[in-house]
Amino acid sequence: MPLIRVPSAYRPVLANRLFRRLTLGFGVSYLGDGMSFVAVAWLAIELAPPGSVGLWVGAAVAACTLPGVVGALAFGRLLRRVPAKRLLLADNALRCVLLGAVPLCWLAGLLSLPLYVTLLALSSLLHAWGSAGKFTLLAELLPGEQRLAANTLLSSLAFAATIAGPAIAGVLVTYVDAALVLGLDALTYAFLAVLVVRTRLPERDPNAHVSPADPLPEPDPDAQVSPVDRTAARGGLALLRSHPELFGLLALTWFFNFLYGPVEVALPLHVTGDLHAPGTLLGLYWMLFGIGAMLGGLATGALRQLPLWPVTIGVVIGWGLCLLPFWFDVPVPVTVAGFALGGMIYGPFVALSVTLMQTKAPPQHLTAMLAARSAVLLTASPIGTALGGPLTSALGPRPTLGSSGLATVALGLVAGTLLLLSRHRKRPAPVTPPQWRPDSPTGP
């Protein structure tokens, strides 16, 4: 009798040899990204002069995300009809070459801060297109009834990488070097690229009959592969503006992600500047955050019914409260425990906000509204991260983390107040039944 019983929904997916091969590559690549999450900021700290560490760390972290936004919006006309496999391969090859150049330049003594940020920025230019290509490739590889299970497996791998990657990187940046960690990340992209090249999609018979009852038709090879559907996004944004509750949800989500951005810059500077601690502590912070996020997401998903709006606003306020201890000179275990608790609170937010939109949006407009949501939120965290550098340089790491928490709490309180006011306005006034009079012709 096997020790591990695979749920029935995943058995057909895992029986697909090509999917198993790609999943191995994605898992290795996710692990490399988890290690880079720590190494990118740590190498910027090592290279930056003392007076401008915050600015350079913010620039390095933002360079890993913001150019991807630019690439998603700027290359639509050029890349939207490129086959999914080529998009994924181009993203992997670009990241492999440019991230691999970081340790080579470091070993040659040529790695300067401007060169470092430039290499990071160029490496992420096609990342949104690579992500779109990845999910489109899976849609071409698997039938419709297996895609949910496949996407769930990949998201679980990504969650696991946020736990293992920072822990491994924390040890490596302490005892080896951060530049070599980025070289390992480059090798993970090379590994994935080799598996993508070796993947041969099954031949499709163009004359094959498709039943009208089929829930998901086979993908059109000429269909657009794009991280942002601009037409749907524009229409969805107009629809959201006509639904104040959903537009308010979008605004809350944007500012919540925006206020999270400075945390990625200030936390490594807090570890090195305020605490004078090694990289293992930074890895511990992010590892426990990832564990908390996974547990919080699984616990929330197991609950059948939740008051979505109150819980969503409670997540915003709770995450902000968990950041407030950083403002004070408290023992490190207190902030470590608070960050782990914060991950548990933060983890369910995406699922809650999407479910809330799915529940409140008119079904015929849901696709367009979700496209608008994706397009708008694409900018939130990268802009917050970019502003995190100047903010940390001006205030310091501890006040930046505390200010982010305080602003997040204020955001949640404002959202809660507006929710109460809107529900009070919607509450119908009590109806007084008409009083019968003796002279009434209709009687009581």
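**Aromatic packing, a small set of local features and one cavity**

At 66% relative accessibility, His276 counts as exposed. The model is a predicted one. His276 lies in the loop between helix H12 (244-274) and H13. Its phi is near 50°, a positive value in a residue other than glycine. Most residues other than glycine have a negative phi.

A second loop position was examined between H15 and helix H16 (349-360), where Pro348 is found. Pro348 has a relative accessible area of 6% and is therefore buried, the cut-off being under 20%. Leu298 is 50 residues away from Pro348 along the chain. The C-alpha atoms of Pro348 and Leu298 are nevertheless separated by 8.1 Å.

Aromatic contacts were then counted. The structure holds 17 aromatic pairs. One of them joins Trp286 and Phe339. This pair is edge-to-face, with 5.2 Å centre to centre and 75° between the planes. The pair links distant parts of the chain. Trp286 belongs to helix H13 (residues 279-302), and Phe339 belongs to helix H15 (residues 332-346). The two residues are 53 residues apart. Trp286 is buried, at 4% relative accessibility. Phe339 is buried too, with a relative accessible area of 0%.

Phe339 also pairs with Trp319. Here the ring centres are 5.9 Å apart and the planes stand at 55°, so the pair is tilted. Trp319 and Phe339 again link distant parts of the chain, 20 residues apart. Trp319 sits in helix H14 (residues 308-323), while Phe339 is in helix H15. Trp319 has 1% relative accessibility and so counts as buried.

Trp286, Trp319 and Phe339 are members of one aromatic cluster. Its other members are Phe37, Phe256, Tyr260, Tyr285, Phe289, Phe326, Tyr346 and Phe349.

Another ring contact involves a charge. The charged end of Lys134 sits over the ring of Phe26. The distance from the ring centre is 5.6 Å.

Cavities were also searched for. The count comes to one cavity of 30 Å³ or more. The largest cavity has a volume of about 40 Å³. Tyr285 and Phe326, which belong to the aromatic cluster, are both in the lining of this cavity. The rest of the lining consists of His270, Leu275, Phe328, Val330, Val332, Thr335 and Arg398. By residue class, the lining divides into six nonpolar, two polar and one charged.

Cysteines were considered last. A disulfide is a covalent bond between the sulfur atoms of two cysteines. A search of the whole structure finds zero disulfides. Cys105 is buried, with a relative accessible area of 17%. Cys64 is partly exposed, with a relative accessible area of 28%.

Methods:
Residues are numbered from 1 along each chain as its sequence is written. This is a predicted model: local features need pLDDT of at least 70, side-chain atom pairs count only at pLDDT 80 or more; totals for chains, interfaces and linings use all residues. Side-chain values use heavy atoms; hydrogens and water are left out. On a 1 Å grid over the protein atoms alone, a cavity is a set of points where a 1.4 Å probe fits but cannot get out, and a pocket is an open set with protein on both sides within 12 Å along at least five of seven lines; lining residues have an atom within 4 Å of a point. Grid points are joined across faces, edges and corners, and a volume is the space filled by probe spheres set on the points. Ala, Val, Leu, Ile, Met, Phe, Trp, Tyr, Cys and Pro count as nonpolar, Asp, Glu, Lys and Arg as charged, and the others, Gly among them, as polar. Rings of Phe, Tyr and Trp (its six-membered ring) pair if their centres lie within 6.5 Å; planes under 30 degrees apart count as stacked, over 60 as edge-to-face and the rest as tilted. Helices (H or I, at least four residues) and strands (E, at least two) are DSSP runs, numbered from the N terminus. Buried means under 20% relative accessible area, exposed over 50%, partly exposed in between (1.4 Å probe, protein chains only). A charge sits over a ring if NZ of Lys or CZ of Arg is within 6 Å of the ring centre and within 35 degrees of the ring normal. A disulfide is a pair of cysteine sulfur atoms within 2.5 Å.
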